[in-house]
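This report goes through a structure chain by chain. The sequence and coordinates come first, and the description comes after them.

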Amino acid sequence: MTGLWVVVGPLVAALVGLCLGGRGRRWIGPVAVLGAVAALAAGLALAARQPWQDPVVSDGLRGAWVVLPLSTVVDGLAVTVALMVAVVALLVQIYSTAYMRDEPRYATYAAFISLFTAAMLAVVVAGDLLLLVIGWEVMGLCSYVLIGQNWEDPAARAAAVKAFLVTKTGDVGFVVGVIVLIASTGSLLLGDAVAAASNVTSTATVVTLLLLMGVVGKSAQFPLHAWLPDAMAGPSPVSALIHAATMVAAGIYVVARTFPMWQAAPVTLSVMVVIACLTMLGAALAALVQTDLKRVLAWSTVSQLAYMLAALAVGSEQAAVFHLVSHAFFKALLFLCAGAVIHSVGSTLMSEMGGLRRSMPVTSATMAIALLSLAGVPVLSGFFSKESVLVAAERAAEGDAVVGAWAGWAVLATSLVTIAVTAAYATRVWLRTFAGRYRGGGQPHEAPVAMRWPLVLLAVPAAVFGFTGLVASWFPTWSWPSATTAMDPEALPPAPLTTVLSVLLVAAGASVIARRWRSDPAGDPTPPDGPFASSAQSGFGWDAVYEAVAVRPFTAVTGLTSAVDDRLIGRTVQRVGELTNTLGAGVQKAHRGLVQKALTAALTVTVLGLVVVAVAVST
Amino acid sequence: MHALYPLLVSALLFGVGIYGVLARRNAILVLMSVEIMLNAANLALVTFDVALDDPTHAGQSLSVFVITIAAAEIGLGLAIVLLVFRLRQTIAVDDLHDLGEGRSDDLTKSRP
């Protein structure tokens, strides 16, 4: 059974949804949900059939006339991530049936969510580089369309264009990297190409550095991170999907998928360590001072993805994938809860929320689980997955990684500081949104059933998924990609020292915010004024760098091109035309339809010509 | 007889024809002038035929062709003049300049 079966369901749902368009409104929701159900069923069928350690490579589709080289690899890693994607996509689709019920463009929205899911699943099961690039690029398109869902809003249009351009900037490197990989190894198959590239350090370094551009763009890491907070202009379920299951997860997944190649390139890993450390702490600080609920969550996604990138850089793809899946559950839950809150309050600003604990009991309970998980409070899944990253960093600090001990220390120190900041902003979100007194003007109400149940269902893995990392035969074995290297049973369970440290830091971060809040329950614990806070709120002014590096040179070049086109080429053409007209008008005067005058002129000229010739001949 | 005399007559006839074609306003007179020019050419052809003692008499043969063509041409030409007169009540060639450029105002003037 080829891995393509998981793609078929959502793809068909997307095509049917796009064909339905505005017609048959009743069928749009069921079709979209069924597509996601089909993906989940196919994922479970693959899971049931695979002996875990052996990857199943299938050759692609061979028909009578066509051979589509869409081969797939189905192993533990692919099935684990595919199941996570299918679960999140299904719950997002169910949630959307209620959240987007009054939306006039619900049909295209649901179809593109399905297409997005299909593209992500294609990346997950991709066994050749062609399928990988196809899925990767289709995701870029879907993110553009979905972020721009409310295109009447100029901010949504700008955010969609920004997301597209920024991720495409990275994708240029990604595609070039794939081409270099194919050219240097001579293989289109992912497994062969990666194995061949892993043996040559120079190839591995060039290819991974190029691929890293795409990964940084898709997974919103520094310096291509700024599209993700702006992408909040899209509807909340879209954010849940982008931030949890698709898009940002794709970057991390591709690195985990091709991990042997990255292990052979210490230079790339060093770059990744720097990027991850900068992004991790910077994004967490930016999240601390945001006033918009969804922007807090967006910056937190950027920060959490940096944990995964750091885990990959210090040599533990197990920890990265563990945190990827656990983060997907609690972050999808956070965004769906935020959607419920926004749906109920009618605003995304936390200054107009507060006290929602009483009016929205289910949402507040599930949001509490998700926030505790995000903060890394023990026994929730976020705690275990974050601990696994710390364990990986600790091992690297002991000299256990390709990249060197300094990287381990850097990741360890930054992660610990970020844990305190994460706890602080998670506490702030809770206190500003659910605790205290309601500050808005509306009548907040609990979310409808179709929105409530996905929250409850997602809260279960967000709370208990972490335990699967403790037993070696559970998550570590399920998600192990292949038999190339031995699986490490001790990689995921927490280590005592880091546990104590991180718990203390969580308590410290949370208590600082809680104390400041208690002195002024109506105010913001981290007011966004002051030089540092206002800079952090705008993402440390990074947009200005884009403006200076990309936008202004580009507009200068386009201005120059336009000027040359208009002034030089355009005016030359115009002048030539005018000259022809002037000459024509001069000649026109001789053509007045008077045959006799014309004949007289012709005769005169002829006679004079003959005379001249005769004179010339005679002399 | 010396060939100069008939050639001189021919040249005079041709000059009269050219003057008529270029100077007369009446279309019928213009056509007649064209006939005079053709006949001047005929006279020259016959003169050269005799003067050069051409055994094939190409000059005489050619002048027979010219006479035939001239008859056909004057038939067509007079028919056109007749139609123009029916349409415009005039056959003054100066007024028939609709195909010319830049004097479209005259077009309506010359119409009945």
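The sections below cover confidence, the two chains, selected local features and the contact between the chains.

## Model and confidence

The structure is a predicted model, with an ipTM of 0.73 and a pTM of 0.76. For chain A the mean pLDDT is 84, and 95% of the residues score at least 70. Within chain A, the lowest confidence falls on strand β2 (residues 61-62), where the mean is 60. The highest is in helix α25 (residues 595-618) of chain A, at 91.

Chain B has a mean pLDDT of 87, with 89% of its residues at 70 or more. Residues 104-112 of chain B stay under 50 in pLDDT. The model nevertheless has seven contacts beyond four places in sequence for this stretch of chain B. Where pLDDT is low, the predicted coordinates should not be read in detail.

## Chain A: overall layout

Chain A contains 25 helices and four strands. Its C-alpha trace spans about 125 × 60 × 55 Å along the principal axes. Of the 619 residues in chain A, 54% are buried. Among the contacts in chain A with a separation of 6 or more, 79% are accounted for by residues 24 or more positions apart.

The domain assignment of chain A gives domain 1, covering 265-540, and domain 2, covering 542-574. Taken over C-alpha atoms, the centres of domain 1 and domain 2 of chain A are separated by 43 Å.

## Chain A: the α5 and α6 pair

Helix α5 of chain A covers residues 129-147, and helix α6 of chain A covers residues 154-185. The two pack at an angle of about 170°, and their axes are 8 Å apart. An angle over 145 degrees counts as roughly antiparallel, and α5(A) and α6(A) are therefore roughly antiparallel to each other. The contact of α5(A) with α6(A) is made up, by class, of 15 nonpolar, three polar and three charged residues.

## Chain A: two loop positions

G539(A) is placed in the loop between α23 (531-537) and α24 (542-588) of chain A. G539(A) counts as buried because it has 22 C-beta neighbours inside 10 Å, and the cut-off for a buried residue is 20 or more. Leaving aside neighbours within four places in sequence, the contacts of G539(A) are A226(A), P229(A) and A286(A). A separation of 8.8 Å is found between the C-alpha atoms of G539(A) and A287(A), although these residues are 252 residues apart along the chain.

The second position is P223(A), in the loop between α8 (201-218) and α9 (227-230) of chain A. The peptide bond leading from F222(A) to P223(A) is cis, and its omega is near 5°.

## Chain B

Chain B has four helices and zero strands, so that, by the DSSP assignment, its elements run α-α-α-α from the N terminus on. Buried residues make up 12% of its 112 residues. Of the contacts in chain B with a separation of 6 or more, 48% come from residues 24 or more positions apart.

Two loop residues of chain B have a positive phi without being glycine: H57(B), with phi near 50°, and Q89(B), with phi near 60°. H57(B) lies in the loop between α2 (27-52) and α3 (58-88) of chain B. Because it has 13 C-beta neighbours inside 10 Å, H57(B) counts as partly exposed. Q89(B) is placed in the loop between α3 and α4 (104-110) of chain B. With 10 C-beta neighbours inside 10 Å, Q89(B) counts as exposed, since the cut-off for an exposed residue is 12 or fewer.

## Contact between the chains

How many residues of each chain take part in the contact between chain B and chain A? On the chain B side there are 12 residues, and they are in contact with 11 residues of chain A. By class, the side of chain B that touches chain A consists of five nonpolar, three polar and four charged residues.

Conventions: Residues numbered from 1 in each chain as written. Chains lettered and ligands numbered in written order. Predicted model: local features only at pLDDT ≥ 70, side-chain atom pairs only at ≥ 80, totals over all residues. Contact = placed C-beta atoms within 7 Å. Nonpolar A, V, L, I, M, F, W, Y, C, P; charged D, E, K, R; others polar. Axes fitted to C-alpha atoms, helices over the stretch in contact; angles between N-to-C directions. Parallel < 35°, antiparallel > 145°, perpendicular 65-115°, else oblique. Domains from an automatic or database assignment. pLDDT = per-residue confidence, 0-100.
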